[in-house]
Amino acid sequence: MTAADFVVVANRLPVDRVEGPDGEEIWRTSPGGLVAALEPMMRNVNGAWVGWAGQADVELAPFEAGGIRLIPVALSAEEVAEYYEGFANDTIWPLYHDVIAPPQYHREWWDAYVTVNRRFAEAAAAAAAPEGTVWVHDYQLQLVPQMVRELRPDVTIGYFHHIPFPAHGLYAQLPWRDQVLRGLLGADVIGFQRAQDATYFLTAVRRRLRYEVKGPHVAVPEGEGTRTALARAFPISIDTTPYLELAAREDVRARAAEIRASLGNPKRILLGVDRLDYTKGIRHRIKAYGELLAEGRLKVEDVTLVQVASPSRERVDAYVHLRDEIELAVSRINGDTDTMGHSAIRYLHQGYPREEMVALYLAADVMLVTALRDGMNLVAKEYVATRVDDRGVLVLSEFTGAADELRQAVRVNPHDIEGLKDAIMTAVEMPPAEQGRRMRSLRRRVLDNDVDAWSSSFLAALSEVRGR
Ligand code: GDG
């Protein structure tokens with residue numbers, strides 16, 4: 001196999017195993033944001049993508065799909081339980097999202113995390129060409145940068161962290177806090193969503209490892225001297241093209257009108273789109289909305305909340321409980337307020353194709369993004385990109401990365417239920433001229449800072465480091 005000049009390392013390969021036209025199993029590239037961002041570059045530069053194919057106990061040889069060379073890393077069922085569902089999704093995820101749910105610390109999970117990170121690092125080291133570039137993604141693989149560096153000191157290493165990095169007081173809980181910092185510092189450039197995340201990381205490095213930190217630069221001890229690592233924010237974005245194209249399509253617009261009609265043409269449609277995750281503030285949103293109905297500030301004949309909660313991490317306990325809580329809250333509100341012709345909440349525990357998502361965005365007068373903590377929140381940017389008509393109102397939690405950029409949204413603290421209720425009323429009652437003024441400014445921001453701008457700025461920072 002020829003060595004790759006550019007190697008992406010991510011937990012998942014950008015493909016799903018699906019049934020082909022003749023009933024055979026084929027690989028289909030998943031429409032996720034990261035693939036869209038990296039696909040054009042991967043094709044141009046002789047790239048390879050290292051990741052898990054999504055099925056336990058399956059050994060696969062490298063293969064090609066959608067013009068991208070894929071290098072599968074095998075995981076046993078036990079490793080999926082301990083490394084992925086355990087350490088990544090039940091230790092790091094809750095800890096890094098401000099312990100909204102209690103993180104579980106288990107030594108066996110950590111051991112599995114080290115083992116699996118080493119397997120990813122070895123696959124990346126074997127794939128990279130001399131003096132090549134390796135770009136590692138996200139919290140499942142925080143040890144990979146250092147492990148790759150040990151195996152391949154000649155390559156340039158980038159790491160991008162898609163979720164928040166916690167304040168030091170919380171980070172200090174992690175029993176393996178120093179090992180994780182050293183793992184990340186194996187990278188030449190460590191990218192975060194927000195300036196605040198980078199600051200928290202640099203504080204942890206200074207306080208825990210006592211390395212010298214100057215602005216965004218860390219002097220990492222290496223051999224007799226030091227090497228400089230750069231840690232700063234590179235806010236991620238979306239590929240805006242498919243959203244603009246779909247929003248302009250006649251059939252998608254007709255579908256948006258059909259959705260409105262099927263809900264009984266309410267005066268206002270409110271929309272939430274989230275993975276069913278405790279970080280997304282779905283309960284807070286539903287509570288605020290339920291109180292507005294109970295108090296008569298909203299009437300069930302006039303409004304409908306559509307909540308798409310796509311299934312996620314269904315084998316992790318915290319997610320099982322969350323689903324029960326949300327479904328209880330939804331059915332209570334519907335039971336108390338529905339009429340034969342109108343439903344307060346249309347709750348959909350399903351995933352949809354992108355066409356349907358865009359039709360929903362076009363149908364929604366108000367988009368509710370009330371995350372308690374969120375690295376960026378791409379849904380907010382997708383809604384804005386889709387609104388080619390300059391209409392609609394975005395209600396946006398200040399605890400999302402997107403809040404740093406989308407200043408013309410109606411900002412909320414989702415913990416403040418009265419404030420959230422007022423924000424929902426502001427959005428529901430916002431006059432069209434004001435909607436247009438805000439949406440035009442939001443759109444400019446998202447269209448000018450799309451995912452290409454994101455990956456270009458990260459890679460420019462990487463090649464600057466290499467040039468030194
Ligand atoms: C992590 C960080 C950061 C959801 N349901 C359906 C569907 N989606 C799509 C959305 C959006 C994506 O999934 C979700 O992205 P988010 O950014 O909102 O949130 P996370 O999944 O938590 O992502 C986050 C992100 O990484 C990137 O760095 O922004 O903070 O937590 O694109 O549209 N898509 C379709 N059907 C669904 O039912 N087609």
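**Reasoning about cavities, sheets and a salt bridge**

Author: Let us begin with helix α10, which gives the most to the lining of the largest cavity, with 3 residues, and let us keep in mind that the model is predicted.

Reader: What makes this space a cavity rather than a pocket?

Author: A cavity is a set of points where a 1.4 Å probe fits but cannot get out, whereas a pocket is an open set. The structure holds 3 cavities of 30 Å³ or more, and the largest cavity has about 60 Å³ of space. The residues that line the largest cavity are Asp277, Tyr278, Gly281, Ile282, Arg283, His284, Leu322, Ile326 and Leu372, and the elements that give two or more residues to this lining are α10 (282-294) and α11.

Reader: How do the residues in the lining of the largest cavity divide by class?

Author: The lining of the largest cavity has 5 nonpolar, 2 polar and 2 charged residues. Gly281 is part of this lining, and Gly counts as polar under the classes used here.

Reader: Why do you say that the second largest pocket lies between two domains?

Author: Domain 1 (4-236 + 452-467) and domain 2 (240-448) both give residues to its lining, and therefore the pocket is placed between them. About 190 Å³ of space lies in this second largest pocket, and among its 13 lining residues, Ile100, Ala101, Pro102, Tyr278 and Ala318 are the closest to its centre. Two or more lining residues come from each of α2 (77-96) and α11 (317-337), with α11 giving the most, namely 5 residues. By class, the lining of the second largest pocket holds 7 nonpolar, 2 polar and 4 charged residues.

Reader: Why are β15 and β18 said to stand at the edges of their sheet?

Author: That open sheet has 6 strands in the order β15-β14-β13-β16-β17-β18, with parallel pairing. Both β15 (345-348) and β18 (410-412) have a single partner strand, so one side of each is left without a neighbour in the sheet. Neighbouring strands of this sheet are turned by 20° against each other on average, with direction ignored.

Reader: How do you know that β17 and β18 pair?

Author: Two strands pair if there are at least two bridges between them, and 3 bridges join β17 (residues 393-397) to β18, so this pair meets the condition. The two strands run parallel, and serine 397 has valine 412 in β18 as its bridge partner.

Reader: What is the order of the strands in the sheet of 10 strands?

Author: The order is β5-β6-β4-β1-β7-β8-β9-β12-β11-β10, in an open sheet with mixed pairing, and its edge strands, β5 (63-65) and β10 (212-214), each pair on one side only. Within the sheet, 4 bridges join β9 (residues 189-192) to β12 (residues 225-233), and these two strands run parallel. Phenylalanine 192 stands opposite alanine 233 in β12.

Reader: Why is the contact between lysine 267 and aspartate 302 called a salt bridge?

Author: The cut-off is a side-chain nitrogen of Lys or Arg within 4 Å of a carboxyl oxygen of Asp or Glu. The closest N and O atoms of lysine 267 and aspartate 302 are 3.6 Å apart, so the pair satisfies the cut-off. The pair links distant parts of the chain, 35 residues apart, with lysine 267 in the loop between α9 (250-262) and β13 (268-275) and aspartate 302 in the loop between α10 and β14 (303-310). The structure holds 35 salt bridges.

Methods
Residues are numbered from 1 along each chain as its sequence is written. This is a predicted model: local features need pLDDT of at least 70, side-chain atom pairs count only at pLDDT 80 or more; totals for chains, interfaces and linings use all residues. Side-chain values use heavy atoms; hydrogens and water are left out. On a 1 Å grid over the protein atoms alone, a cavity is a set of points where a 1.4 Å probe fits but cannot get out, and a pocket is an open set with protein on both sides within 12 Å along at least five of seven lines; lining residues have an atom within 4 Å of a point. Grid points are joined across faces, edges and corners, and a volume is the space filled by probe spheres set on the points. Domain bounds come from an automatic or database domain assignment. Axes are lines fitted to C-alpha atoms, for helices over the stretch in contact, and angles run from 0 to 180 degrees between N-to-C directions.
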